[in-house]
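Please examine the sequence and the structure shown below. The text that follows considers enclosed space first and strand pairing second.

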Amino acid sequence: MQIATVLKSNGTDGELLIGFKGFSAQDIDTKEPVFIEFDGLPVPYFIENINPKGTSKALVRLTGITTLDESEELCGRAVSVRPEDYPDLEEEESLEDLIGWNLLDEKGLQVGPIVGVEDIPGNPCIEVRTKKGQYLLPLNEELILSVNPESEILQMRIPEGLINS
């Protein structure tokens with residue numbers, strides 16, 4: 001299994017120092033995404049630039065990671081350079097798979113069905129139909145409380161003012 005780890009941020013513009021185990025930076029196909037785990041799930045990132053440092057480390061710039069805060073959030077996380085390391089990850093999975101799911105708020109109350117998605121780079125959103133109208137909500141990792149694929153329920157903390165009650 002080819003796994004690497006984000007060791008630390010480098011500078012203030014989102015660059016990362018990644019340590020490799022059992023392979024080197026030269027073995028990575030930069031046309032393919034790498035996967036960084038968040039809550040046990042692989043999130044794809046594309047490499048914009050990679051600068052090997054010896055045989056087991058490299059300075060890496062990932063698409064969408066442009067600040068110190070964003071790079072610090074990745075520190076210590078596992079990285080896979082092969083999608084087959086995640087057998088449950090299907091090529092056809094997308095945000096559109098959430099259409100038809102039900103959205104619950106942080107109290108477990110029904111908000112409404114998810115009727116659409118907007119895959120805005122760096123800010124994916126879901127469109128939810130409520131009794132008061134349709135609303136676009138950010139699908140941010142910090143707002144997601146639980147995901148239940150069996151019952152097709154997404155539970156989120158919805159910031160005040162995003163939905164008119």
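**An internal cavity and an open sheet**

A search of the whole structure, which is a predicted model, finds one cavity of 30 Å³ or more. The volume of the largest cavity is about 50 Å³. Rolling a probe the size of a water molecule over the atoms shows where empty space is left.

Which residues line the largest cavity? The lining consists of Ile18, Phe20, Ile28, Val34, Ile47, Ile50, Val60, Leu62, Val79 and Val81. By residue class, the lining comprises ten nonpolar residues, with no polar and no charged ones. Several strands contribute to this wall: strand S2 (15–21), strand S5 (47–53) and strand S6 (57–62) each provide at least two of the lining residues.

Attention now turns to strand pairing. Six strands form an open sheet in the order S11-S10-S9-S8-S13-S12, and the pairing within this sheet is mixed. Strand S11 (133–138) and strand S12 (144–148) each have a single partner strand and stand at the edges, so one side of each is left without a neighbour in the sheet. From one strand to the next, the twist averages 30°.

Within the order of the sheet, S8 is followed by S13. Do these two strands run parallel or antiparallel? Strand S8 (residues 102–104) and strand S13 (residues 153–156) run parallel, and three bridges join them. At the level of individual residues, Leu104 stands opposite Gln155 in S13.

Definitions and conventions: Residues are numbered from 1 along each chain as its sequence is written. This is a predicted model: local features need pLDDT of at least 70, side-chain atom pairs count only at pLDDT 80 or more; totals for chains, interfaces and linings use all residues. Side-chain values use heavy atoms; hydrogens and water are left out. On a 1 Å grid over the protein atoms alone, a cavity is a set of points where a 1.4 Å probe fits but cannot get out, and a pocket is an open set with protein on both sides within 12 Å along at least five of seven lines; lining residues have an atom within 4 Å of a point. Grid points are joined across faces, edges and corners, and a volume is the space filled by probe spheres set on the points. Helices (H or I, at least four residues) and strands (E, at least two) are DSSP runs, numbered from the N terminus. Ala, Val, Leu, Ile, Met, Phe, Trp, Tyr, Cys and Pro count as nonpolar, Asp, Glu, Lys and Arg as charged, and the others, Gly among them, as polar. Two strands pair if DSSP finds at least two bridges between them. Axes are lines fitted to C-alpha atoms, for helices over the stretch in contact, and angles run from 0 to 180 degrees between N-to-C directions.
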